[in-house]
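Good morning, colleagues. Please have the sequence and the coordinates open while I speak. I shall take a few local features in turn.

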Amino acid sequence: MTTFVIDASVVIKWVVQETGTPEALSLLKGNTLVAPELILTECANILWKKTRRGELSAAEAHFAARLIESSDLQLWEMLPFFTASVELAMKLDHPAYDCIYLALALKENFRFVTADESLVRKLRQSPDENYRGIAMLLGETV
């Protein structure tokens with residue numbers, strides 16, 4: 001069993017059919033999935049946006065939220081990763097709310113899985129070798 005840090009770009013694919021949904025669902029089999037508590041706020045915001053744009057009905061968004069809420073995703077408190085996420089955001093010139101996932105992965109020595117190509121590209125091009133191998137794009141997990 002492998003432990004992965006996953007972000008909202010992965011979790012939302014569990015409940016909304018998008019490119020990468022099969023890969024996101026495959027992570028549920030035989031892995032431990034963890035994320036900072038921020039993921040719930042991010043997923044709620046994505047569901048709200050999809051409803052506002054007419055991509056989901058209110059009932060579908062509510063059902064999706066319930067599915068996420070009942071998943072086996074292990075939520076981690078954010079405070080221990082706060083300062084590191086700010087430092088990472090400045091080093092990578094990337095939003096801090098994404099970097100909190102990375103901070104968790106780095107501190108706990110877990111792989112980080114995301115659909116965020118921009119973040120993975122920045123990490124792979126980093127002069128810091130600790131950043132280069134920590135993240136995987138969702139499609140690289142299967």
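Ser57 sits in the loop that joins helix H3, residues 38-52, to helix H4, residues 58-69. I should say at once that this is a predicted model. Is Ser57 buried, exposed or partly exposed? Its relative accessibility is 33%, which lies between the 20% limit for buried and the 50% limit for exposed, so Ser57 counts as partly exposed. As for its position relative to Thr21, the two residues are separated by 36 residues in sequence, and their C-alpha atoms are 19 Å apart in space.

Let me turn to the interior. The largest nonpolar core comprises 46 residues. Which residues have the most contacts inside this core? They are Ile6, Trp14 and Tyr101. Among the contributors, helix H6 gives the most, with seven residues. As a general remark, nonpolar side chains in soluble globular proteins tend to be buried together.

Trp14 merits a closer look. Leaving aside residues up to four places away in sequence, Trp14 touches Ile6, Ala24, Leu25, Leu28, Leu33, Ser71 and Leu73. Ile6 therefore appears twice here: as a contact of Trp14, and beside Trp14 among the residues with the most contacts inside the core.

Next, the packing of H5 against H6. The axes of helix H5, residues 82-92, and helix H6, residues 96-108, come within 8 Å and cross at roughly 115°. The crossing is right-handed. On the H5 side, the contact is made by Phe82, Ala84, Ser85, Leu88, Ala89 and Leu92; on the H6 side, by Ala96, Cys99, Ile100, Leu102, Ala103 and Leu106. How many of these residues are nonpolar, polar and charged? The contact of H5 with H6 has 11 nonpolar residues, one polar and no charged.

Finally, backbone geometry. Most residues other than glycine have a negative phi. Two residues in this model call for comment on that point. Asp93, in the loop between H5 and H6, has a positive phi of about 55° although it is not a glycine. Asn109, in the loop between H6 and strand E4, residues 111-114, also has a positive phi, near 60°, and is likewise not a glycine.

Are these two residues buried or exposed? Asp93 has a relative accessible area of 64%, and because that is over 50%, Asp93 is exposed. Asn109, at 68% relative accessibility, counts as exposed for the same reason.

That concludes my presentation. Thank you.

Technical notes:
Residues numbered from 1 in each chain as written. Predicted model: local features only at pLDDT ≥ 70, side-chain atom pairs only at ≥ 80, totals over all residues. Heavy atoms only, no water. Axes fitted to C-alpha atoms, helices over the stretch in contact; angles between N-to-C directions. Helix = DSSP H or I, 4+ residues; strand = E, 2+ residues; numbered from the N terminus. Left-handed = near helix turned anticlockwise from the far one by under 90°. Contact = heavy atoms within 4.5 Å. Nonpolar A, V, L, I, M, F, W, Y, C, P; charged D, E, K, R; others polar. Buried < 20%, exposed > 50% of the residue type's maximum accessible area, 1.4 Å probe, protein only. Core = buried A, V, L, I, M, F, W, Y, C linked by side-chain atoms within 4.5 Å.
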